[in-house]
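The exercises below are to be worked with the sequence and the coordinates open. Each task is followed by a solution in steps.

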Amino acid sequence: MAKGPARTFGQDLMRGEHVVGAGSTSQQAAPQNGGVLMPSHTSGDPSFYAKKRAKEAELGRELTTEEFLADHYAASDAPTASGTSIFDPVLCEIAYRWFCPPGGTVLDPFAGGSVRGIVAARLGRPYVGIELRAEQVAANQAQADLAGAPAPRWIAGDSRDLAGLAAGIEADLVFSCPPYWNLERYSDDPSDLSSMPLADFMKAQGEIIAQAVARLRPNRFAVWVIGDVRDADGFFVNLPGLTVEAFEAAGARFYNDAILVTAVGSLPIRVGRQFTAARKLGRTHQNVLVFCKGDPRKATEACGPVEFGEIEGPDTDDEAPYPEDDQ
């Protein structure tokens with residue numbers, strides 16, 4: 001990937017996305033539908049102790065910080081040092097340039113942040129994102145001036161009504177990242193997938209996937225970012241596998257599986273104790289699942305030659321038009 005403007009979609013571009021710290025007086029809102037999180041040290045998470053207290057209330061006993069870190073605090077819970085969590089913009093660029101035709105429409109059923117819409121616009125792809133929380137849609141729209149044309153379109157509503165909310169949309173790429181079940185609870189809204197039991201979560205995600213695939217043109221790709229989580233007994237629930245089953249049932253075949261390696265963060269601290277106590281290995285990756293509706297060769301032909309090089313911005317001078325990374 002290009003190392004000029006193409007990689008300068010940095011944290012400044014994502015301010016306000018997935019605000020961390022539910023219930024905190026220093027934050028305005030709970031985080032919303034999942035994203036690829038770029039973890040920092042635990043001390044950078046203003047909601048760390050709120051999460052610890054919530055887990056203690058759930059278990060009915062106190063936890064030491066070491067025990068909470070080892071057994072209950074996931075790396076992808078941690079925000080950046082700025083108190084925000086960020087969907088990886090370079091992953092967006094790769095998904096659009098590799099799996100979406102130039103000028104093709106992107107449909108995102110879990111648009112809990114501005115990043116996917118902004119990068120789509122910068123790459124000349126119309127973007128339609130559905131987000132449950134109206135306040136998050138407003139936060140996304142407040143950053144629309146970073147996008148340029150075609151302007152991203154964010155719609156407030158429940159993606160289980162995707163057929164109605166995205167009526168008339170013929171997508172050239174479905175690209176999204178749902179909540180990783182209950183890894184991080186984003187709201188108390190019963191329609192929020194992160195507040196549901198696992199069976200209800202998978203049913204709801206399956207309904208959304210089916211409707212998204214129905215809005216996808218024939219011979220097109222879908223890209224879904226998901227990570228696995230453990231249940232209360234410490235066993236993985238196999239979210240990636242269950243997601244593959246949902247896409248296959250919807251008529252999109254499983255075509256590629258990539259691994260996204262995320263920042264290590266507090267993983268070394270957590271792994272030592274959990275491995276000694278229960279032989280649990282640490283995880284510092286997520287799955288990028290690629291599906292195809294129809295013929296993958298025809299889908300590839302629709303995408304055209306592989307795109308590369310720097311992203312063209314609205315500025316015409318030689319300086320990079322995007323903010324530099326602040327890490």
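**Exercise 1. Strand 4 and its partners**

Which residue in strand 5 does Leu173 stand opposite? Then describe how strand 4 pairs on either side, and how the chain gets from strand 4 to strand 5.

Solution.

Step 1. The model is a predicted one. Leu173 stands opposite Phe221 of strand 5.

Step 2. Strand 4 and strand 5 run parallel and are joined by 5 bridges.

Step 3. The connection from strand 4 to strand 5 passes through helix 7, residues 198-215, and this β-α-β crossover is right-handed.

Step 4. Strand 4 also pairs with strand 1, in the parallel sense, over 2 bridges. Here Leu107 is opposite Val174 of strand 4.

Step 5. Buried means under 20% relative accessible area. In strand 4, 6 of the 6 residues are buried, so the strand is largely enclosed by the rest of the structure.

**Exercise 2. Strand order and edges**

In what order do the 7 strands of the open sheet stand? Find the strands at the edges.

Solution.

Step 1. The protein has 10 helices and 7 strands. The 7 strands form an open sheet with the order 3-2-1-4-5-7-6.

Step 2. The edges are held by strand 3 (153-156) and strand 6 (253-261). Each has a single partner strand, so one side of each has no neighbour in the sheet.

Step 3. On average, neighbouring strands of this sheet are turned by 20 degrees against each other, direction ignored.

Step 4. The pairing in the sheet is mixed. In general, strands of a sheet pair through backbone hydrogen bonds, in either the parallel or the antiparallel sense. The parallel sense is seen between strand 4 and strand 5, and the antiparallel sense is taken up in the next exercise.

**Exercise 3. The two sides of strand 7**

How many bridges join strand 7 to strand 5, and how many join strand 7 to strand 6? Name bridge partners on both sides.

Solution.

Step 1. Strand 5 (residues 216-226) and strand 7 (residues 285-293) run antiparallel and are joined by 7 bridges.

Step 2. Strand 6 and strand 7 also run antiparallel, with 8 bridges between them.

Step 3. On the strand 5 side, Val223 has Val290 as its bridge partner, and Trp224 stands opposite Leu289.

Step 4. On the strand 6 side, the bridge partner of Asp257 is Leu289. Leu289 of strand 7 thus appears opposite both Trp224 and Asp257.

Step 5. Strand 7 is mostly covered, with 8 of its 9 residues buried.

**Exercise 4. Helix 3 against the sheet**

Which strands does helix 3 lie across? Account for the burial of this helix and locate its cap and its internal side-chain contact.

Solution.

Step 1. Helix 3 (residues 89-99) lies across strand 1, strand 2, strand 4, strand 5, strand 6 and strand 7, and runs at about 155 degrees to strand 4.

Step 2. Helix 5 (residues 134-141) also packs on the sheet, where it touches strand 2 and strand 3. The direction of helix 5 makes about 165 degrees with that of strand 3.

Step 3. Of the 11 residues of helix 3, 8 are buried, so the helix is largely enclosed by the rest of the structure. Among them are Leu91, Cys92, Tyr96 and Phe99.

Step 4. The N-terminal end of helix 3 is capped by Asp88, with a side-chain oxygen 3.0 Å from the backbone nitrogen of Val90.

Step 5. Glu93 is buried at 1% relative accessible area, and Arg97 is buried at 6%. Their side chains make a polar contact of 2.8 Å.

Step 6. An α-helix has 3.6 residues a turn, so residues three or four places apart point the same way. Glu93 and Arg97 both belong to helix 3.

**Exercise 5. A loop residue**

Is Phe235 buried or exposed? Place the residue in the chain and list its contacts.

Solution.

Step 1. Phe235 sits in the loop between strand 5 and helix 8 (239-250).

Step 2. The cut-off for exposed is over 50%. Phe235 has 59% relative accessibility and therefore counts as exposed.

Step 3. With neighbours within four places in sequence left aside, Phe235 is in contact with Val229 and Arg230.

Step 4. Lys280 is 45 residues from Phe235 along the chain, and their C-alpha atoms are separated by 9.6 Å.

Note on methods
Residues numbered from 1 in each chain as written. Predicted model: local features only at pLDDT ≥ 70, side-chain atom pairs only at ≥ 80, totals over all residues. Heavy atoms only, no water. Pairing = 2+ DSSP bridges. Helix = DSSP H or I, 4+ residues; strand = E, 2+ residues; numbered from the N terminus. Axes fitted to C-alpha atoms, helices over the stretch in contact; angles between N-to-C directions. Contact = heavy atoms within 4.5 Å. Buried < 20%, exposed > 50% of the residue type's maximum accessible area, 1.4 Å probe, protein only. Polar contact = N/O pair within 3.5 Å; in protein donor to acceptor, adjacent residues only side chain to side chain. Right-handed = clockwise from strand over helix to strand, strands pointing away.
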